Amino acid sequence: MKCVQILDLNPLRTQVFVVEQLCAYQEVDDADLIAQHLQVLNEDQQLVSYLRIIPETDKTIVHIGRVVVDPRFRKHGYGRQLIVSGLQTIQRDMPQVTTVKIQAQAYLQTFYQSFGFKPVSEVYLDTGIPHLDMVLDL
């Protein structure tokens with residue numbers, strides 16, 4: 001796990017969030033400038049998964065976003081490894097943080113609940129995809 005330059009991430013994020021999910025929106029945004037970017041590389045040094053940690057104005061809260069696993073590497077545990085590493089990074093580098101927020105795709109609710117996230121909203125559409133807000137208290 002390491003921090004990466006934003007330019008290294010655009011192809012995977014665009015491949016999944018814009019092309020695969022058929023969503024036309026501003027993929028790279030201002031949050032990229034303040035976020036901590038984490039990635040998982042496989043043994044061949046290929047980028048297989050990514051997330052960003054965005055600090056909120058209230059320094060006790062962060063938002064995890066743009067969680068993505070390359071379609072070729074799904075179902076190999078990279079998503080789980082990524083979330084564990086993201087939560088460890090938050091606890092290590094941001095000890096003041098007590099709350100982690102995520103806008104999860106609804107079909108992944110059980111996955112995020114396995115880490116302790118709890119739903120705090122009803123399911124809603126975001127770019128035509130069912131999502132829900134979830135929170136983890138550290």
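**Notebook: charges, rings and core**

I started with Arg72 in this predicted model: Arg72 is exposed, with a relative accessible area of 55%. Next I looked up what Arg72 pairs with, and found a salt bridge to Asp70, with the closest N and O atoms 2.8 Å apart. Asp70 sits on the other side of the burial scale: it is buried, at 3% relative accessible area. I put that down as buried because the cut-off is under 20%, and Arg72 as exposed because that label needs over 50%.

Side note to self: side chains of opposite charge can pair when their charged atoms come close.

**Other salt bridge**

How many salt bridges does the count come to? I got two. Besides Arg72 with Asp70, there is Arg92 with Asp93, where N to O is 2.8 Å. I checked accessibility here too. Arg92 counts as exposed at 58%, while Asp93 counts as partly exposed at 38%.

**Rings**

I then went through the aromatic side chains and found four aromatic pairs. One of them is Phe111 with Tyr112, edge-to-face, at 5.1 Å centre to centre and 75° between the planes. Phe111 also pairs with Phe115, again edge-to-face, at 5.1 Å centre to centre and with 80° between the planes. I called both edge-to-face because their planes are over 60 degrees apart.

Are these rings buried or exposed? Phe111 is partly exposed, at 22%. Tyr112 is buried at 4%, and Phe115 is buried at 16%. I wrote Phe111 down as partly exposed because buried means under 20%.

Stepping back, I see Phe111, Tyr112, Phe115 and Phe117 as one aromatic cluster. I marked Phe117 for the next entry, since its name also turns up in the core list.

**Core**

Which residues have the most contacts inside the largest nonpolar core? My list reads Ile53, Ile64, Leu87, Ile90, Val100 and Phe117, in a core of 25 residues. I looked up which elements give two or more residues to this core: β1 (36-41), β2 (47-55), β3 (61-69), α3 (78-93), β4 (99-105) and β7 (129-137). α3 gives the most, with five residues.

Last, I picked Val100 and listed what it touches, leaving out residues up to four places away in sequence. Val100 contacts Val62, Ile64, Leu87, Ile90, Phe117, Met134, Val135, Leu136 and Leu138. Among these, Ile64, Leu87, Ile90 and Phe117 are also on my list of residues with the most contacts inside the core.

Terms used:
Residues are numbered from 1 along each chain as its sequence is written. This is a predicted model: local features need pLDDT of at least 70, side-chain atom pairs count only at pLDDT 80 or more; totals for chains, interfaces and linings use all residues. Side-chain values use heavy atoms; hydrogens and water are left out. A salt bridge is a side-chain nitrogen of Lys or Arg within 4 Å of a carboxyl oxygen of Asp or Glu. Buried means under 20% relative accessible area, exposed over 50%, partly exposed in between (1.4 Å probe, protein chains only). Rings of Phe, Tyr and Trp (its six-membered ring) pair if their centres lie within 6.5 Å; planes under 30 degrees apart count as stacked, over 60 as edge-to-face and the rest as tilted. A nonpolar core is a set of buried Ala, Val, Leu, Ile, Met, Phe, Trp, Tyr and Cys residues joined through side-chain atoms within 4.5 Å. Helices (H or I, at least four residues) and strands (E, at least two) are DSSP runs, numbered from the N terminus. Contact means heavy atoms within 4.5 Å.
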